[in-house]
Each structure stands twice: as C-alpha cells, then as structure tokens.
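Please open the model in your viewer and keep the sequence panel beside it. The stops below follow one another as selections, each with a short account of what is there.

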Amino acid sequence: MDTQPITSWIVPLVGHQFDLEDLPLWLAGQDVRVATRNNTYVLVIPSTIVGDNYEPVRAFAESRLEWINGIGRLLNPAFRPLSLADRLFGVDSSGTVLHTVLAVHPAEERDKAGLVRAVVGGKVQPDPREAAAAPLLQAASLSPRVRDALSIVGRPTLTWSELYLLFEIVEADAGGQMFDLGWISHNDANLFTRTANSYSTLRSDGRHGKDRGTPPVHPMPHGIAVTLVRGLLLAWLRHVGATR
C-alpha cells in the first residue's frame, strides 16, 4: 500500500520534438502543464484537479490535449497534433512513481529557426513564447464555444466545412466586432464565405450540393482560407481571454 499520497498524474506525450519543445513555455504558469521527465515530454495533471484515482485521468488528459493541439495550431502553423502514450503514472511530491496504468489499444525532416532574444538597454527581453497559451486557456475555461473551436482547429487537416464552422463560431460570439477590431477584413470575409458556399468552385470538397450565391471569379485557395481563419480565431481567443 502506498504510504505517500499521489500529488500529480504524469501522461507521456507522443509527437515530434519540433512540436513538443515549445509546450513547457507556452503553458508556463498553468496548473496543467507540460514538462520533461526522463527525456520525455509529459502532461502533468495535479491530483487536486482529477483526484487520486486513475480512472478519470485519461479522459481528462484527452480533453485537455484537444485544447493544447488547437493552441499549438494557432501559435505555430507548422505544429502537428500530438497524442497520448498508452501509459500514465501517479507520482508523489518528490516525483517517485506510486502508480502505473497501462492502456490497451487495438520520416519526415523538419526545421525550425532558432529564436533570437532581443536585447534592449543591455537586458535580454523575455521569451515571447513564455505563457503564450495562458489567454487561450483562460478563454477555454470561460466559453464552450472556445472549447469547441480549439478541438476543431487542432485537427490534422481542416475541411472547408470545418473552416466555415470556425468562422461562424467567432461571428456568433463577436459579430461586427471582428471587423471593428481588425481581426478580419470585410473583403476577406466575403471572399471566404462565397468560396466556401460555392459548389461550382469546391465540388466534392465543399459544404453544399448547389451554389449559395454567385461563385467568385477568383476563389480563395484553401491554404489562404486556413491561414485567415486561424488568424481570426487566435485574435478572438486572445480577446476573450483578456476581457472576460
């Protein structure tokens, strides 16, 4: 029988170093965070949040990882969604493993430029990645719309239907404020929606089986639409996290 209480649950993350290495900085200061343990990146979940029984831990970790994957996609367009390893550990305050749970489940080269830290008045400026996820997680804690948006945007690829759903989630919450605050221009929004609603343009990739309005002469490319909607979503999340 364990003599020390479980203080945290540790769930190893599966992914490429490129996608994992910014997470400790992005999530700095959060109760649920990412750390390195034995040369592996792990999700650290305090037992004060999920309790000292392992049963709810994996479901909680999967839910939180959806948020993290969405945040990763917004903060770094090259980010690829991560997954959870098939094991988790309960540890005490010293990091000693008290409980191990195993789950039963039926070459790409990437480069990232190193971050150059600015020096002003002889003082190195803070790393801009530090706690970058904080306002986004704050927004997620406040709004089910935000949680839905993060779970969608974190998917490996985004269809036109998913992009349009994200656009409408922001529009339903912010309305004309998204134009007033410069998150998106009227021209970009108009071209995006006309393209997304055009069967003649998108055919089997589209949202509809017939045209909704006049097809655009110069449709918006899918890659541009992804960048546009991610930028809109990131601006909205930062606004929600800062103002509510």
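Begin with the aromatic side chains, of which 5 pairs are counted when rings of Phe, Tyr and Trp (its six-membered ring) are paired if their centres lie within 6.5 Å, with planes under 30 degrees apart taken as stacked, over 60 as edge-to-face and the rest as tilted. Select W26 and F79, whose ring centres are 6.2 Å apart and whose planes meet at 50°, so the pair is tilted. W26 belongs to helix 2 (residues 23-26) and F79 to the loop between helix 4 and strand 4 (83-84), so this pair ties together parts that are 53 residues apart in sequence. Helices (H or I, at least four residues) and strands (E, at least two) are DSSP runs, numbered from the N terminus. W26 is buried at a relative accessible area of 5%, and F79 is buried at 1%, where buried means under 20% relative accessible area, exposed over 50%, and partly exposed in between (1.4 Å probe, protein chains only).

Next select Y164 and F192, whose rings have centres 6.0 Å apart and planes at 15°, so this pair is stacked. Y164 sits in helix 7 and F192 in helix 9 (residues 186-196), so that distant parts of the chain, 28 residues apart, are linked. Adding W160 and F167 to the selection completes one aromatic cluster with Y164 and F192.

A word on the model itself: it is predicted, with local features requiring pLDDT of at least 70 and side-chain atom pairs counted only at pLDDT 80 or more, whereas totals for chains, interfaces and linings use all residues. Residues are numbered from 1 along each chain as its sequence is written, and side-chain values use heavy atoms, with hydrogens and water left out.

Keep F192 selected and add W236, since these two have the most contacts inside the largest nonpolar core, which has 65 residues. Helix 11 supplies the largest share of this core, 10 residues. A nonpolar core here is a set of buried Ala, Val, Leu, Ile, Met, Phe, Trp, Tyr and Cys residues joined through side-chain atoms within 4.5 Å. Leaving aside neighbours within four places in sequence, the residues in contact with W236 (heavy atoms within 4.5 Å) include R145, V146, A149 and W183.

From V146 and A149, widen the selection to helix 6 (residues 144-153), whose buried residues are V146, A149, L150, S151, I152 and V153. These buried residues pack against helix 4 (57-75), helix 5 (134-142), helix 7 (160-174) and helix 11 (222-243). At the start of helix 6, a side-chain oxygen of S143 comes to within 3.2 Å of the backbone nitrogen of R145.

Now turn to the charged side chains, where 4 salt bridges are found in the whole structure, each defined as a side-chain nitrogen of Lys or Arg within 4 Å of a carboxyl oxygen of Asp or Glu. Select R80 and D19, which form one of them, with the closest N and O atoms 3.4 Å apart. R80 lies in the loop between helix 4 and strand 4, and D19 in helix 1 (residues 17-20), 61 residues apart. R80 is partly exposed at 28% relative accessible area, whereas D19 counts as buried at 2%.

Finish with E162 and R155, whose side chains meet in a salt bridge at 2.8 Å, N to O. Here E162 is buried at 16% relative accessible area, while R155 counts as partly exposed at 35%.

Key. A polar contact is a pair of N or O atoms within 3.5 Å; within protein, one must be able to donate a hydrogen and the other to accept it, and residues adjacent in sequence count only if both atoms are side-chain atoms.
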